[in-house]
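Biologist: Hi! Could you take me through this one before I go back to the bench?

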Amino acid sequence: MSSASTFEDDFARVGDWIARYLADPLRYPVLAAVKPGEIAARLSERAPESPEPFERILADFESIVVPGITHWNHPRFFAYFATSAAPAAIAAEALAAALDVKAMLWRTSPSATELEDVVMRWLGHLLGLSSEWTGIIYDTASIAGFTALAAAREACDPTIRDEGMHGAPLRLYITEHTHSHIEKAAIALGIGRRNVVLVPCDESFRMRPDALATAITRDRAAGLRPLAIVATVGTTSTTSIDPVAARAVVAEAHDVGLHVDAAYAGGAAILPEQRHLLDGVERARSFVVNPHKWMFVPMDCSTLFVKDEALLRRAFSLVPEYLTTTDGEVRNYMDYGLQLGRRFRALKLWFTIRHLGADGIRGRLRAHIALAATFADWINERTDWEVLAPHPLSVVCFRYRPAGVDQADLEALNARLLEAVNAGGEIFISHTKIEGTYALRLAIGNLRTQLEDVAAAWRVLQREAGRLSGA
Ligand code: PLP
């Protein structure tokens, strides 16, 4: 091993490693087969004082780090929301790291700023949004959602920015199926968890507009200040869809802002036959979709669209002397959120959309939706398995329900089944609870997932269920 290898040699080795990794992901167990602490114990306790050869570092990456990887990029990763990195986006990430741009002021990053403007217009157009919307890229939906709610707070009471939280409590309206980041935002923004109102749902886990209207009316009468309604298009557990239009009617009637969290499902709206998912979004104030979830862009790329970008700037802009410029009417992205330095995230979105083509992305999303329907058909054909929720997109919630097992014992049985199917490393699925019922959850979203991968998941599930039942 020599420390004198060139950057070209090192990068070529990394390129080879990535190419082999993407070509043959099935050779890895999906879920890392390691115990807590095992990886840390294999790493040296102190930083090296002297330079180490790149080759040695890469060898340790392969022998120590990779065995502790749970492979999100694996076609048999069916847990949470299955995601994946398009090869062109992986290359774009390398280029972004090479440029190491901090996209905070236009002058620190003219191309990053303007590419972000343009690629967000592309995405807005693909999603069928009108030109009224401005899109901004954040790292995660959690931060994009937080940012949207900070803007809602600014709209509701602009004095809070300077004076801190004061006056009557602000209220947020969500459902038990809303992603937890909204409650976290309530904590961080000083709204308080107690002021997050859980609006009851209908039998399809969708926020009930009548119950929403009642909750807002009751709060107003009590002197509380309704801040925002959060509708979810594609909830985390079951991908249920809060019909946005009906929520917008209540939002408008009661003069409360509407935020739409479509982190996972929003991407599907680029399919003409799924555009209805976003019906009514034009009447919302803000809207989040994550290209890093179901548009094949690697972590981290979450997009927030807002109707009133000046409001967002008012919520966040604070320019110290050392960041003033004479560039005039340009967009300085540091004014749109908490972060100053920002990664050049638009590059990977641009590479992905161009390299797959919008139609290529559509084709893959359609295939995933069809695969989920096929999986649900297989479950429905069996009397000892059942689908537990509607599956409008690419996630199916289900459970094993053999004859003779008490309702009360089904949770434990399915929890053991989850452990058993994941232990082998062939597939990785996750679970949730739907109205108190324990459910297994299979999510399809990886660029490389084929029918054979879903069939493998079904084989593993049946095999392990048979073993647990002693069949
Ligand atoms: N919103 C929904 C509906 C989600 O399902 C998730 C994560 O799964 C999030 C928000 C948070 O996403 P992120 O990891 O980008 O913060």
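Modeller: Sure, one term to begin with: buried means under 20% relative accessible area, exposed means over 50%, and partly exposed is in between (1.4 Å probe, protein chains only). This is a predicted model, where local features need pLDDT of at least 70 and side-chain atom pairs count only at pLDDT 80 or more, while totals for chains, interfaces and linings use all residues. Residues are numbered from 1 along each chain as its sequence is written, and side-chain values use heavy atoms, with hydrogens and water left out.

Biologist: Thanks. How many residues surround the ligand, and which are closest?

Modeller: The ligand is surrounded by 13 residues, and Ala141, Ser142, Thr236, Asp261 and Asn290 are the closest. A residue gets on that list if one of its heavy atoms lies within 4 Å of the ligand. By class, eight of the shell residues are polar, three are nonpolar and two are charged. In that scheme Asp, Glu, Lys and Arg are charged; Ala, Val, Leu, Ile, Met, Phe, Trp, Tyr, Cys and Pro are nonpolar; the others, Gly among them, are polar.

Biologist: Which helices each supply at least two residues of that shell?

Modeller: Helix 6 (141-156) and helix 11 (291-294). Helices here are DSSP runs of H or I with at least four residues, strands are E runs with at least two, and both are numbered from the N terminus.

Biologist: What sits opposite the ligand's oxygen atoms?

Modeller: There are polar contacts, meaning N or O pairs within 3.5 Å; within protein, one atom must be able to donate a hydrogen and the other to accept it, and residues adjacent in sequence count only if both atoms are side-chain atoms. In the side chain of serine 142, an N or O atom is 2.6 Å from a ligand oxygen. For lysine 293 the distance is 3.1 Å, and for a polar side-chain atom of histidine 292 it is 3.2 Å. The ligand taken alone exposes 400 Å², and the protein buries 86% of that (Shrake-Rupley method, 1.4 Å probe).

Biologist: Switching to charges: how many salt bridges does the count come to?

Modeller: The count is 34, taking a salt bridge as a side-chain nitrogen of Lys or Arg within 4 Å of a carboxyl oxygen of Asp or Glu. One of them joins arginine 225 to aspartate 157, with the closest N and O atoms 2.8 Å apart. Arginine 225 is in strand 4 (residues 225-232) and aspartate 157 is in the loop between helix 6 and helix 7 (160-163), so this pair ties together parts that are 68 residues apart in sequence.

Biologist: Is aspartate 157 buried or exposed?

Modeller: Aspartate 157 counts as buried, because its relative accessibility is 8%.

Biologist: What about pairs inside a helix, like glutamate 464 and arginine 467?

Modeller: Those two are three residues apart in helix 15 (residues 451-469), about one turn of the helix. Their closest N and O atoms are 2.9 Å apart. Glutamate 464 is buried at 7%, and arginine 467 is exposed at 56%. Salt bridges that share partners also join Glu93, Asp300, Arg343, Arg345 and Lys348 into one network.

Modeller: In helix 12, glutamate 309 and arginine 313 lie four residues apart and form a salt bridge at 3.1 Å. Arginine 313 is partly exposed, with a relative accessible area of 30%.

Biologist: Now arginine 342: where does it lie, and what does its side chain make a polar contact with?

Modeller: Arginine 342 is in the loop between helix 12 (309-316) and helix 13 (346-380). The arginine 342 side chain makes a polar contact with the side chain of glutamate 116, at 2.8 Å. Arginine 342 counts as buried, because its relative accessibility is 4%. Beyond four places in sequence, its contacts (heavy atoms within 4.5 Å) include Val101, Ile136 and Tyr333.

Biologist: Any odd backbone spots? Which residues does a cis peptide bond join?

Modeller: Methionine 299 and aspartate 300, with omega at about 15°. Aspartate 300 is in the loop between helix 11 and strand 7 (302-306). Phenylalanine 296 is in the loop between helix 11 and strand 7, and has a positive phi of about 70° although it is not a glycine. Phenylalanine 296 is buried, with a relative accessible area of 0%.

Biologist: And aspartate 255, buried or exposed?

Modeller: Aspartate 255 is exposed at 63%. Aspartate 255 is not a glycine either, yet has a positive phi of about 55°.
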